[in-house]
Amino acid sequence: MGNNLINFAYNKFARYVKPALVIGVGLLLSSCGETEVKKPVKFIPEIQVPEIKASEQIPTKSKKIVQISEFLATVDGGKVYKKCQACHVKTGEGVPGAFPPLTGRLASLLKSKHGREYLALVVMNGVRGEMNIDGIRYIGTMPRQGGMTPEKTAAVLNYIMTEFNGVATDDTDLFKTDEIVKISTDNGRMTAQNIFKKRATAFVKEQ
Ligand code: HEC
């Protein structure tokens, strides 16, 4: 009777529990195996360093320099002008008696050393004095504009020239950053009144 019970129990074990255990352990092992296989995600591919020929080294270097100057040239003058349009308005026509127009009368300044210098200094440091433009008097102050880097100064001046003063976008007289840097270092930080004193030599007709 006792033996029968043991036999019965063993038969049940052999028939159901044993295969279940075998399958269970098998699944466990195979899933372990899978995670083992997935682990090598961290596998670091062998880095292949291409051989650099001596003749290729110089072009690689100059390419970098070209990229940097292209970046500087991509400062958007129109975006910088948003700073100015609060006073000179979007079209550059200004407000008679308050903010002088920047349209149709500044192109000649590009042709003279004094004119170029005056424009760069005004945009960076502001200007203060009496101006008579098209029979209208302006006795105001343009405050010093913060954050005007040489790149931004060149870009906004070129924007004014090409958008409001009919200068072609490929005109070689347009401003380059280097020139603004030079004007800035040659003159230092000037007061708006002293910049105004340079206006007389900048304009041929208007004063
Ligand atoms: C807060 C108002 C204001 C802002 C902002 C301003 N300006 Fe002016 N700007 C003036 C005033 C006012 C004058 C005339 C000052 C005077 O009467 O001496 C002037 C004069 C000028 C002149 C000289 C014009 C001439 O005939 O001599 C230029 C060029 C100029 N601004 C360009 C700019 C540019 C570019 C910006 C933006 C970077 C700018 N301004 C931002 C108010 C402003």
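1. In this predicted model, the place to begin is the pair of strands β1 and β2, which run antiparallel and are joined to each other by seven bridges. Strand β1 covers residues 127-133, and strand β2 covers residues 136-142.

2. The two strands form a hairpin, with two residues between them, and D134, which sits in the turn, has a positive phi of about 50°. Beside this turn, I133 has I136 in β2 as its bridge partner, while N132 stands opposite R137, again in β2. A student who follows the chain through these residues can see how the hairpin is put together.

3. The ligand is surrounded by 27 residues, and the closest of them are C84, C87, Y138, G140 and M142. Several elements contribute to this shell, since at least two residues come from each of α4 (85-88), α5 (113-125), β1, β2 and α6. The strands of the hairpin described above are therefore to be looked at again here, as β1 and β2 each supply at least two residues of the shell.

4. As to the chemical character of the shell around the ligand, its residues divide into 19 nonpolar, five polar and three charged.

5. Helix α6, with residues 150-164, also takes part in a helix pair, for its axis and that of helix α7, with residues 177-187, come within 8 Å and cross at roughly 115°. The crossing of these two helices is right-handed. On the α6 side the contact is made by P150, E151, T153 and A154, which meet T177, I180, V181 and S184 in α7. Taken together, the residues of this contact divide into four nonpolar, three polar and one charged.

6. One residue of this contact, V181, deserves a separate look. Is V181, which lies in helix α7, buried, partly exposed or exposed? V181 counts as partly exposed, because it has 16 C-beta neighbours inside 10 Å, whereas a buried residue would need 20 or more and an exposed one would have 12 or fewer.

7. Finally, V181 and E151 give an example of residues that are separated along the chain and yet belong to one contact between helices: they are 30 residues apart in sequence, and their C-alpha atoms are 8.8 Å apart in space.

Conventions
Residues are numbered from 1 along each chain as its sequence is written. This is a predicted model: local features need pLDDT of at least 70, side-chain atom pairs count only at pLDDT 80 or more; totals for chains, interfaces and linings use all residues. Axes are lines fitted to C-alpha atoms, for helices over the stretch in contact, and angles run from 0 to 180 degrees between N-to-C directions. Helices (H or I, at least four residues) and strands (E, at least two) are DSSP runs, numbered from the N terminus. A crossing is left-handed if the near helix is turned anticlockwise from the far one by less than a right angle, and right-handed if clockwise. Two residues are in contact if their C-beta atoms, placed from the backbone, lie within 7 Å. Ala, Val, Leu, Ile, Met, Phe, Trp, Tyr, Cys and Pro count as nonpolar, Asp, Glu, Lys and Arg as charged, and the others, Gly among them, as polar. A residue is near a molecule or strand if its C-beta atom, placed from the backbone, lies within 6 Å of it. Two strands pair if DSSP finds at least two bridges between them.
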